[in-house]
Amino acid sequence: MSRTTEEWEAAVQAKIDEVLADTSTTNYAPEISTADKSFALTIDHTLLKPDATPDQVDKLCDEAVKYSFKSCCVNGANVKQVADRLKDSKCVPCVVVGFPLGAMTSQAKAWETEDACKNGAKEIDMVINIGLLKSKQYGAYYDDIHAVVKAASNHAIVKVIIETVFLSAEEKIAGSFIAAEAGAKFVKTCTGFSGGAASAADVRLMKKTIAYKQGVKVKASAGVRTFEKCLGMLQAGAERIGTSSGTAIMEKSEVQAGTY
């Protein structure tokens, strides 16, 4: 969507005013437990450590299949292994792009996306260029995201990590709004690599921001390590959870239910 600087500034300010004026507190997940199949399908089972080994990646995939998680989220170097391991399951390969800083060129992010898709990625979690957002270079910020969306077209959906730890409320709204305008299917809280963590307040703010755009959702990630924390994010409006603790969450619930 081609907009002038003035048009972007006006659109962003209108969205900021609208969202900050909305004091509603809808509970989006009043009743859910780990026994619900729908809960497992909110989990992106994640392994992004720089020292992840092939055996650990295989284990991640096997856990995801066992508990029917939505995806396995890994670095690009591991995506072909994940795609091969998951080929007979409903779990999908998810790859991070521009991770964890988001400070490379749009062309580099687009190439990384194309490469990930060639190797089997069905979902792309990209990191924004935080400096562009904070300096209100909204057109360039839009173009950076749209380059990835275009590169993923017909192959994978795109989730945009706005890295809330660095942003004011107004910047979180601006970042989420423009990501939705650029064609993202999710806006996501954090990488977890720069400190901070997802919060229910941020999820709710992001949910209000993107609610106008049909099909766009919120993913909560970073520091979500218990079912109670997952539940809080889902109640605030998240529809996907990024966590490396998915197995621990499910195993704890099985122990409490007397499965073991």
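The exercises below, each with a worked solution, concern a predicted model.

**Exercise 1. Determine whether helix α9 is enclosed or open, and find what its buried residues pack against.**

Step 1. Helix α9 covers residues 200-210, and eight of its eleven residues are buried.

Step 2. The buried residues are Asp-202, Val-203, Leu-205, Met-206, Lys-207, Lys-208, Thr-209 and Ile-210.

Step 3. Their packing partners are α1 (5-21), α8 (169-181), β6 (186-188), β7 (217-221) and α10 (227-236).

Step 4. With eight of eleven residues buried, α9 is largely enclosed by the rest of the structure.

Step 5. One of these buried residues, Lys-207, lies over the face of Tyr-28, at 5.1 Å from the ring centre.

**Exercise 2. Classify the ring pair formed by Phe-39 and Phe-227, and place both residues in the chain.**

Step 1. A pair of aromatic rings is described by the distance of the centres and the angle of the planes.

Step 2. For Phe-39 and Phe-227, the centres are 5.2 Å apart and the planes meet at 75°. Planes over 60 degrees apart count as edge-to-face, so this pair is edge-to-face.

Step 3. Phe-39 belongs to helix α2 (residues 37-40) and Phe-227 to helix α10; with their positions 188 residues apart, the pair links distant parts of the chain.

Step 4. Buried means under 20% relative accessible area. Phe-39 has 1% and therefore counts as buried; Phe-227, at 17%, also counts as buried.

Step 5. The whole structure holds five aromatic pairs.

**Exercise 3. Describe the largest nonpolar core and the surroundings of Ile-124.**

Step 1. In soluble globular proteins, nonpolar side chains tend to be buried together.

Step 2. The largest core here has 75 residues, and those with the most contacts inside it are Phe-39, Ile-124, Ile-145, Val-160 and Ile-241.

Step 3. Helix α7 (residues 138-152) gives this core its largest share, seven residues.

Step 4. Beyond four places in sequence, the contacts of Ile-124 include Val-95, Val-97, Val-148, Ala-152, Ile-157 and Val-158.

Step 5. A second, separate core has seven residues, among them Leu-48, Cys-94, Phe-99 and Val-127.

**Exercise 4. Decide whether Glu-63 and Lys-49 are buried or partly exposed, and list what each touches.**

Step 1. Glu-63 lies in helix α3 (residues 54-67). Its relative accessible area is 16%, so Glu-63 is buried.

Step 2. Leaving out neighbours within four places in sequence, Glu-63 is in contact with His-45, Phe-69 and Thr-247. With Thr-247 there is a polar contact between side chains, at 3.2 Å.

Step 3. Lys-49 lies in the loop between β1 (43-47) and α3. At a relative accessible area of 41%, Lys-49 is partly exposed.

Step 4. Not counting residues up to four places away, Lys-49 touches Gln-56 and Asn-75.

**Exercise 5. Locate the cis peptide bond and two non-glycine residues with positive phi.**

Step 1. Most residues other than glycine have a negative phi, and most peptide bonds are trans.

Step 2. The bond joining Phe-99 and Pro-100 is cis, with omega about 0°. Pro-100 lies in the loop between β3 (92-97) and α5 (106-118).

Step 3. Glu-163 has a positive phi, near 55°. This residue lies in the loop between β5 (157-161) and α8, and at 1% relative accessibility Glu-163 counts as buried.

Step 4. Ala-222 has a positive phi of about 95°. Ala-222 is placed in the loop between β7 and α10 and, at 8% relative accessibility, counts as buried.

Methods
Residues are numbered from 1 along each chain as its sequence is written. This is a predicted model: local features need pLDDT of at least 70, side-chain atom pairs count only at pLDDT 80 or more; totals for chains, interfaces and linings use all residues. Side-chain values use heavy atoms; hydrogens and water are left out. Buried means under 20% relative accessible area, exposed over 50%, partly exposed in between (1.4 Å probe, protein chains only). Helices (H or I, at least four residues) and strands (E, at least two) are DSSP runs, numbered from the N terminus. Contact means heavy atoms within 4.5 Å. Rings of Phe, Tyr and Trp (its six-membered ring) pair if their centres lie within 6.5 Å; planes under 30 degrees apart count as stacked, over 60 as edge-to-face and the rest as tilted. A charge sits over a ring if NZ of Lys or CZ of Arg is within 6 Å of the ring centre and within 35 degrees of the ring normal. A polar contact is a pair of N or O atoms within 3.5 Å; within protein, one must be able to donate a hydrogen and the other to accept it, and residues adjacent in sequence count only if both atoms are side-chain atoms. A nonpolar core is a set of buried Ala, Val, Leu, Ile, Met, Phe, Trp, Tyr and Cys residues joined through side-chain atoms within 4.5 Å.
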